[in-house]
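Good morning, and thank you for coming. I would like to take you through a structure that may be new to you, beginning with the whole chain and then turning to one part of it.

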Amino acid sequence: MNDEIFVAAPTDLTRVNVALRSDIRYWTRVLGVSELALRSVVKNVGEHSWDVRAELRRRRRS
């Protein structure tokens, strides 16, 4: 039996909407970060998914 949990993608993949629980669940799983880390990045760089991804890459390299 497959133990992976299906997480539906948000309707707008260009935004990381931390106000929606389903979006938080999706983005934390896809980006491999905690909810706290995701919220912190969105607070610092905004909600555009490419900006969030770039900031996470930058943080991982430091």
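**A walk through the chain**

The chain contains 3 helices and 0 strands. Please keep in mind throughout that this is a predicted model. Followed along the sequence, the pattern reads α-α-α.

Let me begin with the overall dimensions. The C-alpha trace spans about 40 × 25 × 20 Å along its principal axes. Of the 62 residues in the chain, 29% are buried. The chain exposes about 4700 Å², and carbon and sulfur atoms account for 53% of that area.

As for charge, there are 12 positive and 8 negative side chains. The centres of these two sets lie 6 Å apart. Turning to contacts, we may consider those between residues at least 6 apart in sequence: 27% of them join residues at least 24 apart.

I now come to helix H2, which covers residues 35-45. Which residues of H2 are buried? They are Leu38, Val41 and Val42. These residues lie on the same side of H2, because they cover an arc of only 100° around the axis.

What does this buried side pack against? The buried residues of H2 pack against two helices, H1 (21-31) and H3 (49-61). The face of H2 turned away from the buried side presents a contrast: there we find the exposed residues Leu36, Lys43 and Asn44. I would ask you to locate both sets on the display, with Leu38, Val41 and Val42 as the buried set and Leu36, Lys43 and Asn44 as the exposed one.

Let us move past the end of the helix. Just after H2 comes Gly46, with a positive phi of about 100°. Gly46 belongs to the loop between H2 and H3. Is this glycine buried, exposed or partly exposed? Its relative accessible area is 26%, and Gly46 is therefore partly exposed, since buried would require a value under 20% and exposed one over 50%.

Which residues does Gly46 touch, once its neighbours within four places in sequence are left aside? Gly46 is in contact with Val41 and Val52. Val41 has already appeared in this talk as one of the buried residues of H2, while Val52 falls within the range of H3, residues 49-61.

Finally, I would draw your attention to Arg15. Gly46 and Arg15 are 31 residues apart in sequence, yet their C-alpha atoms are 8.9 Å apart in space.

Thank you for your attention.

Key:
Residues are numbered from 1 along each chain as its sequence is written. This is a predicted model: local features need pLDDT of at least 70, side-chain atom pairs count only at pLDDT 80 or more; totals for chains, interfaces and linings use all residues. Side-chain values use heavy atoms; hydrogens and water are left out. Buried means under 20% relative accessible area, exposed over 50%, partly exposed in between (1.4 Å probe, protein chains only). Helices (H or I, at least four residues) and strands (E, at least two) are DSSP runs, numbered from the N terminus. The arc is that of the directions from the helix axis to the C-beta atoms. Contact means heavy atoms within 4.5 Å. Accessible areas come from the Shrake-Rupley method with a 1.4 Å probe; for residues, only the protein chains shown count as cover. Lys and Arg count as positive and Asp and Glu as negative; His and the chain ends are not counted. The place of a charge is taken as NZ of Lys, CZ of Arg, CG of Asp or CD of Glu.
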